[in-house]
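Trainee: I'm new to this structure and would love a close look at a single part of it. Please pick one spot and walk me through what surrounds it.

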Amino acid sequence: MESLLRIVHVMEVSALAFGALAAWGVSRDWPQPLAFGIVFVLLIAAMPLLSRPWGWIVSLVLQVALAALTFVEIIWSIVALVFVILWIWTFVKARGIERQRRAAGLDPRGAPGT
């Protein structure tokens, strides 16, 4: 699950960088790019936490923060919707993989050599 959610976080960080630039270009006002920057930094800071059993909860909270950027820039709602759906799909798929590995008697976290 960690690696799949990490991939989603990297894609979100990339989108946020471009979103901040677009918001700055449209408004020339600091609150919009600053809001994007805060969520950007939080997503990067949360990546090491994804290896913890409760890391997905932190990631879920950050998905809410990502969606909340819609209040800053309305067009972001489309991007946020795509990423939240991707996060949900990734989470469900990762849980399924972990469940299958457990049923096969393997390490559900996918440790090398097991």
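Mentor: Let's start with Thr90, which touches Leu4, Leu5 and Val8 once residues up to four places away in sequence are set aside; contact here means heavy atoms within 4.5 Å. This is a predicted model, in which local features need pLDDT of at least 70 and side-chain atom pairs count only at pLDDT 80 or more, while totals for chains, interfaces and linings use all residues. Residues are numbered from 1 along each chain as its sequence is written, and side-chain values use heavy atoms, with hydrogens and water left out.

Thr90 sits in helix 4, which covers residues 76-103. Helices are DSSP runs of H or I with at least four residues, strands are runs of E with at least two, and both are numbered from the N terminus. Thr90 has a relative accessible area of 6%, so it counts as buried. On that scale, buried means under 20% relative accessible area, exposed means over 50%, and partly exposed lies in between, using a 1.4 Å probe and protein chains only.

Now widen the view to helix 4 itself. Its 28 residues, at 1.5 Å a residue, should span 40 Å, and the end C-alpha atoms are 40 Å apart, which agrees; the expected span is 1.5 Å times one less than the number of residues. Thr90 has company inside: the buried residues of helix 4 are Trp76, Ala80, Phe83, Trp87, Thr90, Phe91, Ala94, Gly96 and Glu98. These buried residues pack against helix 1, helix 2 and helix 3. Just after helix 4 ends, Gly105 takes a positive phi of about 80°.

The partner to look at next is helix 1. The axes of helix 1 and helix 4 come within 9 Å and cross at roughly 170°; axes are lines fitted to C-alpha atoms, for helices over the stretch in contact, and angles run from 0 to 180 degrees between N-to-C directions. The two helices are therefore roughly antiparallel to each other, on a scale where angles under 35 degrees count as roughly parallel, over 145 as roughly antiparallel, 65 to 115 as roughly perpendicular and the rest as oblique. On the helix 1 side, this contact is made by Leu4, Leu5, Val8, Met11, Glu12, Ala15, Leu16 and Gly19. Facing them from helix 4 are Trp76, Val79, Phe83, Leu86, Trp87, Thr90, Ala94 and Ile97.

Next come the rings. The whole structure holds three aromatic pairs; rings of Phe, Tyr and Trp (its six-membered ring) pair if their centres lie within 6.5 Å, and planes under 30 degrees apart count as stacked, over 60 as edge-to-face and the rest as tilted. In one pair, Trp56 and Phe91 have ring centres 5.0 Å apart and planes at 40°, so this pair is tilted. It links distant parts of the chain, with Trp56 in helix 3 and Phe91 in helix 4, 35 residues apart. Trp56 is partly exposed at 24% relative accessibility, whereas Phe91 is buried at 16%. Phe91 also forms a stacked pair with Trp87, 5.3 Å centre to centre and with 10° between the planes. Trp87 and Phe91 are four residues apart in helix 4, and therefore about one helical turn separates them. Through ring pairs, Trp56, Trp87 and Phe91 form a cluster.

Now for the nonpolar cores, each a set of buried Ala, Val, Leu, Ile, Met, Phe, Trp, Tyr and Cys residues joined through side-chain atoms within 4.5 Å. The largest core has 17 residues, and those with the most contacts inside it are Leu16, Phe36, Val39, Leu43, Leu66, Leu69 and Trp76. Helix 1 (2-27), helix 2 (31-46), helix 3 (55-68) and helix 4 each give two or more residues to this core. A second, separate core of seven residues includes Met1, Val8, Trp87 and Phe91. Back in the list for the largest core, Phe36 is in contact with Leu16, Gly19, Ala20, Ala23, Leu69, Val72, Glu73 and Trp76, leaving aside neighbours within four places in sequence.

Finally, step back to the whole protein. It has four helices and zero strands, and 33% of its 114 residues count as buried. Its C-alpha atoms fill a box of roughly 55 × 20 × 20 Å along the principal axes. Among contacts with a separation of 6 or more, 64% join residues 24 or more positions apart.
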